Amino acid sequence: RDFDHVLIQQALNLQKDNGATLDDWCGFAQAAQRGRLPLLTWYSANAVDKYRFAHLTFQEFLCAEYCREHWIKENEAFPKKLKMLIMGQQPRPETLFTRGWWQQVIQMLSDLMASTNLGIGQRLFLSDNGSFELKACVGDTNAATLAALLRDATGGLVRSANVSDGGLGAPGISVLFTSHNHHLRRGSSWLQALSFLDLSGNLLTPQAGSLLASALKHAAPPLKSLDVAWNRLCIGSDRRKGYERETFHSRLKCRGTTTKNKLYLDYLHAAWIPDTSGLEALLDYCVSASELESFDCRSNGLTVQAGKLLVAAFINNKTTTHTKLKQVCGIELSLESIKDHLNLGPMPDDRGPLVVGQLVLARLRHGNRFHSIYYEARVLNILPNDLYEIGYMQRDAVVRVESNIPRRMIQGTRRTAPHRRLEAGGAWFLAEVIATVSTPLVSVTHIDLSNQALAFDVSIW
């Protein structure tokens, strides 16, 4: 942010063909020191003259203009340079949204290159098969950056979108999906060929659900799978009497270790009066989506009323246009695939042998005892007597190594999200599915509905 004559000299050496000289800079510097150049501010630190842009927006715009100029000039080479500059040697698309000082630059660059059709988003973060996966990095504060990158994704470029485990609410959904928003002047064109949409683990409220349903209806993509589990679709905005001072515990602040990931606070949900309008709007869209095969809305505070809406939309609705729908809330509508087990509970943890390099969750040793918390880790070595050498990880890098960790202190699967729960609404829907199935479940010998919160209904708290 702050710079001196050394940086200016380096910039001049890199840009020898633009006609600027050090004398030109000295004229600017003198004007800034006399206070006659509002664009720059000047101060002295340790007898060294330092300069700073009066507002960061000037610097961001100049950076975006520089990127546009070189993107057009170098074509294929510059996007790779920019990608490495933003993401580093091991590019991860999430870096585009977690490095705050690049947000405005990317948005301005998209505006400046709107008429070039060079495909900014396609070059920076879209995969070759037209999919992108952005976990735990997109929220209301940086949704405009994703909208800017998707602005030129026309012609069926985007086929699968995963924007899960973030902080998207009604403002973020409005920016990403609403066609009249100024970030999407040409409409939500990136939805045209979308087949898979995962928005699970965000903060989608009833208002956000209505906005999403309206945008999907307007764009009419050939959507096959819609996942909105682990949101707040049935949690209204009005608080109950006596709960006026409660605030919803943001899941964004819980990210980090797996044990803190998206705490599901039942008692806190009870502070709000249920509102099923958002779910109703999404179900109305699902009924009209002819290509839809899967819809999941578990863990949204589903009340019995929400369950009745699911039954009305997918079981009792005789006017539905779709015939391809196979699964709702993890439940097979035909139940034909069920042999002898109906299992909707958590997947059992694999207690079998581990292999070197496997990603696991392991408890951390503290003296002669182990912490109760499981941390993300990697198996580094297999030792005798069912013991393991474990590398505990932070941001995909091993930061601590422990030996002689017993197998019982290691979970064989690396869990990235909490288990999805049917709740009262899902239980109501499951009962109707079982009651209307064409083939009686005479062969089912085991039904697992553990950890499903089947009695949880915030409307009768």
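Q: Before we get to the hairpin, what must DSSP find between two strands for them to pair?
A: Two strands pair if DSSP finds at least two bridges between them, and what follows applies that to a predicted model.

Q: OK, so how many bridges join β1 to β2?
A: Strand β1, residues 40-45, is joined to strand β2, residues 48-53, by six bridges, and the two strands run antiparallel. Within that pairing, T41 has R52 of β2 as its bridge partner.

Q: And which residue in the hairpin takes a positive phi?
A: That is N46, with a phi near 55°, in a hairpin that has two residues between its strands β1 and β2.

Q: Switching topic: how many cavities of 30 Å³ or more turn up?
A: A search of the whole structure finds two, and the second largest of them holds about 40 Å³ of space.

Q: Which residues line that second largest one?
A: Its lining consists of C67, L82, I86, W102, V105, I106, L109 and L124. The elements giving two or more residues to this lining are α4 (77-87) and α6 (103-112), and α6 gives the most, with three.

Q: What's the lining like by class?
A: The second largest cavity is lined by eight nonpolar residues, with no polar and no charged ones.

Q: Last thing, where does pLDDT stay under 50?
A: Residues 179-187 are one such stretch, with 21 contacts beyond four places in sequence in the model, and residues 250-265 are another, with 44 contacts of that kind. For the protein as a whole, pLDDT averages 81, and 83% of the residues score at least 70.

Definitions and conventions:
Residues numbered from 1 in each chain as written. Predicted model: local features only at pLDDT ≥ 70, side-chain atom pairs only at ≥ 80, totals over all residues. Heavy atoms only, no water. 1 Å grid on protein atoms, 1.4 Å probe; cavity = no way out; pocket = protein on both sides within 12 Å on 5 of 7 lines; lining within 4 Å. Points joined across faces, edges and corners; volume = space filled by probe spheres on them. Helix = DSSP H or I, 4+ residues; strand = E, 2+ residues; numbered from the N terminus. Nonpolar A, V, L, I, M, F, W, Y, C, P; charged D, E, K, R; others polar. pLDDT = per-residue confidence, 0-100. Contact = heavy atoms within 4.5 Å.
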